[in-house]
Amino acid sequence: MIKFSNLLRKESPEAVQDRLLCKAVLAGNTEAFSLIAAKYQKRVYSLGMSFFKNHDDSEDFVQDIMLKTFSALPKFRGESSFSTWLMRIAYNSAINSVKRKREFVSAFDDFEIKTNDLTPEERQIQNCVKNAIRRAVNDLPEKYRICIDLYFFYDMPYADIESVTGIPVNTIKSHIFRSKKILKTELENQGIYGQEESPEYPVLFKLNLAYDM
């Protein structure tokens with residue numbers, strides 16, 4: 001249930017409109033949800049295209065997300081903007097669909113070093129570094145994790161991330177910069193430095209962590 005007392009802070013016109021539409025839907029006005037769907041379907045479709053790369057699957061994705069959003073609306077507490085809440089549903093659903101189908105995997109998970117020069121021990125080091133990065137990314141605050149995941153692991157440009165998340169480009173850049181600093185510090189604390197001659201260097205290079213910030 002929406003806690004409208006949480007929304008006493010200054011809201012944007014878009015947030016006010018969303019709040020009123022949500023309130024109308026919860027009061028039984030299902031036509032109000034049609035306005036919500038029309039407002040956000042393009043953004044959800046863009047996210048679907050980023051993950052599924054084809055029109056039909058992306059259209060199905062939009063329908064699925066709108067149904068999930070409608071069903072989950074009574075659970076929307078208003079602790080974040082409605083657009084952020086909806087896109088979080090869409091993003092998580094896309095990630096889960098990708099994992100189930102195993103057709104499109106994270107660019108990071110699929111990142112391999114094409115070389116025969118590494119010893120078994122060095123390959124083990126690379127795998128350990130990949131696992132360390134994966135854990136470190138998962139420990140990032142959600143607002144950072146979404147941006148760095150879409151930017152590095154799904155190779156989405158800033159403009160596309162903005163269109164599917166609603167986060168301004170400058171904020172996305174800031175989140176990615178802060179994420180890289182956090183990841184670099186965490187990996188350095190684990191003794192992973194990314195020297196160019198080391199076997200872990202190419203893995204760190206994927207996140208531009210092999211260079212000083």
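**An all-helical predicted model**

The accessible surface of the protein amounts to about 12,300 Å², and carbon and sulfur atoms account for 50% of that area. The model is predicted. Of the 213 residues in the protein, 40% are buried. The secondary structure consists of 9 helices and 0 strands, so that the order of elements from the N terminus reads α-α-α-α-α-α-α-α-α. Among the contacts with a separation of 6 or more, 64% are between residues 24 or more positions apart.

The helix α1 offers a starting point. Helix α1 covers residues 13–26, and its end C-alpha atoms lie 20 Å apart; this agrees with the 20 Å that its 14 residues should span at 1.5 Å a residue. Its buried residues are Asp18, Leu21, Cys22 and Val25. Because these residues cover an arc of only 100° around the axis, they sit on the same side of α1. The spacing reflects a general property: an α-helix has 3.6 residues a turn, so residues three or four places apart point the same way. Just after α1, Gly28 adopts a positive phi of about 110°.

Helix α3 can be read in the same manner. Helix α3 comprises 18 residues, 55–72, and its first and last C-alpha atoms are 25 Å apart, close to the 26 Å expected at 1.5 Å a residue. Ser58, Phe61, Val62, Ile65, Met66, Thr69 and Ala72 are buried in α3. Viewed down the helix axis, the buried residues of α3 fall within an arc of 140°, and they therefore line one face of the helix. The face turned away from this buried side carries Asp56, Asp60, Leu67 and Ser71, which are exposed. At the start of α3, a side-chain oxygen of Asn54 comes to within 3.3 Å of the backbone nitrogen of Asp56.

Further along the chain, helix α5 spans residues 120–138. The 19 residues of α5 should extend over 27 Å at 1.5 Å a residue, and the distance of 27 Å between its end C-alpha atoms agrees with this. In α5 the buried residues are Gln126, Val129, Lys130, Ala132, Ile133, Ala136 and Val137. They occupy an arc of only 165° around the axis and so lie on the same side of α5. Pro120, Glu121, Gln124 and Arg135 are exposed on the face of α5 turned away from its buried side.

Ser83 leads back to α1 by way of its contacts. Ser83 is found in helix α4, residues 82–101. With a relative accessible area of 10%, Ser83 falls under the 20% limit and is therefore buried. Its side chain is joined to that of Ser81 by a polar contact of 3.2 Å. When residues up to four places away in sequence are set aside, Ser83 touches Asp18, Tyr40 and Arg43. Of these, Asp18 is one of the buried residues of α1.

The cysteines complete the account. Cys22 counts as buried because its relative accessibility is 0%. Cys147 likewise has a relative accessible area of 0% and is buried. A search of the whole structure for disulfides finds 0.

Conventions: Residues are numbered from 1 along each chain as its sequence is written. This is a predicted model: local features need pLDDT of at least 70, side-chain atom pairs count only at pLDDT 80 or more; totals for chains, interfaces and linings use all residues. Side-chain values use heavy atoms; hydrogens and water are left out. Helices (H or I, at least four residues) and strands (E, at least two) are DSSP runs, numbered from the N terminus. The expected span of a helix is 1.5 Å times one less than its number of residues. Buried means under 20% relative accessible area, exposed over 50%, partly exposed in between (1.4 Å probe, protein chains only). The arc is that of the directions from the helix axis to the C-beta atoms. A polar contact is a pair of N or O atoms within 3.5 Å; within protein, one must be able to donate a hydrogen and the other to accept it, and residues adjacent in sequence count only if both atoms are side-chain atoms. Contact means heavy atoms within 4.5 Å. Accessible areas come from the Shrake-Rupley method with a 1.4 Å probe; for residues, only the protein chains shown count as cover. A disulfide is a pair of cysteine sulfur atoms within 2.5 Å.
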